[in-house]
Amino acid sequence: MSFSAAEDDSGSEIHIPADIDWHMLDKSKFFFLGAALFSGVSAALYPIVVLKTRQQVSSTQVSCLKMSFSIMKYEGFRGFYRGFGTSLTGTIPARALYMGALEVTKSSVGSATVSLGFSDTSATAIANAAAGLSSAMAAQLVWTPIDVVSQRLMVQGYNDINRSKNVNFCRYRNGLDAFRKILCADGPKGLYRGFGISILTYAPSNAVWWASYSVAHKLIWSGMCKKDESGFRPDLKALVAVQGLSAAMASGVSALITMPLDTIKTRLQVLDREENGVRKPLSIPQTVRNLVQEGGLAACYRGLGPRWASMAMSATTMITTYEFLKRLSTKTREPLTT
């Protein structure tokens, strides 16, 4: 998100490239390039997601270093990419839904808030919050079943003695086999286990993230404008640096607020309980009770380090890639003829 700012007392001006709206994009190029770019980002960050997931299902606190050594020792490098194929398959349609809902909502809500008389900063924050909310809800239709399958594959090779006794012991050959077995055992609802809490986790998280990002972005540029009285046009490095810093700041707030919900969501999707020899899914109260018994609030924050690192790096690469993608996908203007 970018803007042009001018200070009355100094006469300084900072020239930022104008934001690109939904109607300015070549949609086919936007979705095709988006799938390719974000697949690369997902591949780079996937090992951190595996570490976070395994820490969340552990019954005791296990350090990232110890967990990493354990994976490398018993499973090799492939252990860091368990379930990646499934995750990547779902990422493409989920990202398409996410980006489409994000841009459409941002454009429509932004225009509505400006017409209602909101200031530019307030209108941008409201539009970004609404866009984050709608895009997360749309993407969860695809992401939830993909999460259920990929996370079970992630913990399948978990041989650590401290893993939760409720870890699902069903063996899966691959993502398709996991999909089939979950569907046979639990029906369609098994693939959408934790859907409600996923919405409660990601919808507010995205709303907070996008609103925080837009505010942080404008505050940083405003601060730079006050320090520079001559006016300047920032180069690409400055634009990327400001986008990355804004994304990291927004990620820190979002990770801290939603970590307990994310831990509960992960356990609901991965763990089971046994009742009279029959495997049944855990409920939210049972999951919360188990976490309280294992360490209270601290247990809810297991995996915070990897999740914060994953969110910060993901958000930084996502927003810079996203802005770059939008510029690559801008429609070519037809030359005027006389």
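**Figure 1. Asp26, a loop residue on the way into helix H1.** A residue counts as buried under 20% relative accessible area, as exposed over 50%, and as partly exposed in between. Asp26 comes out at 27% relative accessibility, so it lands in the partly exposed group. Keep in mind that this is a predicted model. In the close-up, look for the loop that joins strand E2 (13-14) to helix H1 (27-57); that's where Asp26 sits. Which residue is 5.8 Å from Asp26, C-alpha to C-alpha, yet 304 residues apart in sequence? That partner is Thr330.

**Figure 2. The whole chain, for orientation.** Before zooming in again, here's the overall picture: the protein chain holds 11 helices and four strands. It has 338 residues, and 52% of them count as buried. How many of the contacts between residues at least 6 apart in sequence join residues at least 24 apart? The share is 81%.

**Figure 3. Residues 30-51, a stretch with a label from UniProt.** An unreviewed UniProt entry annotates this stretch as a "transmembrane region". In the model, the span is 100% helix and 0% strand. From one end to the other, its C-alpha atoms lie 31 Å apart.

**Figure 4. Lys265, a lysine in helix H8.** Helix H8 runs over residues 236-270, and Lys265 is part of it. Is Lys265 buried or exposed? With a relative accessibility of 0%, it counts as buried. Leaving aside residues up to four places away in sequence, Lys265 touches Asp147, Gln151, Gly194, Ile197, Ser198 and Tyr202.

**Figure 5. Helices H3 and H4, packed with their axes 7 Å apart.** Two packed helices are described by the angle between their axes and the distance between the axes. Here we have H3 (residues 84-115) and H4 (residues 120-155), and the angle is about 165 degrees. The cut-off for roughly antiparallel is over 145 degrees, so H3 and H4 are roughly antiparallel to each other. The crossing of H3 past H4 is right-handed. Sorted by class, their contact has 21 nonpolar, 11 polar and two charged residues.

**Figure 6. Helices H4 and H5, crossing at roughly 115 degrees.** H5 covers residues 175-186, and its axis comes within 10 Å of the axis of H4. Angles of 65 to 115 degrees count as roughly perpendicular, so that is how H4 and H5 are described. This crossing, H4 past H5, is right-handed. On the H4 side, the contact is made by Val148, Val149, Arg152 and Leu153; on the H5 side, by Gly175, Ala178, Phe179 and Ile182. By class, the contact of H4 with H5 comes to six nonpolar, one polar and one charged.

**Figure 7. Helices H3 and H11, with their axes 14 Å apart.** H11 takes in residues 304-328, and it packs with H3 at an angle of about 70 degrees. That makes the two roughly perpendicular. Which residues of H3 meet H11? They're Arg95, Met99, Leu102, Glu103 and Lys106. Facing them from H11 are Met318, Tyr322, Leu325 and Lys326. The contact of H3 with H11 divides into five nonpolar and four charged residues, with no polar ones.

Terms used: Residues are numbered from 1 along each chain as its sequence is written. This is a predicted model: local features need pLDDT of at least 70, side-chain atom pairs count only at pLDDT 80 or more; totals for chains, interfaces and linings use all residues. Side-chain values use heavy atoms; hydrogens and water are left out. UniProt positions are given in the numbering used here, feature names are shortened, and annotations may be inferred rather than shown by experiment. Buried means under 20% relative accessible area, exposed over 50%, partly exposed in between (1.4 Å probe, protein chains only). Contact means heavy atoms within 4.5 Å. Axes are lines fitted to C-alpha atoms, for helices over the stretch in contact, and angles run from 0 to 180 degrees between N-to-C directions. Angles under 35 degrees count as roughly parallel, over 145 as roughly antiparallel, 65 to 115 as roughly perpendicular and the rest as oblique. A crossing is left-handed if the near helix is turned anticlockwise from the far one by less than a right angle, and right-handed if clockwise. Ala, Val, Leu, Ile, Met, Phe, Trp, Tyr, Cys and Pro count as nonpolar, Asp, Glu, Lys and Arg as charged, and the others, Gly among them, as polar.
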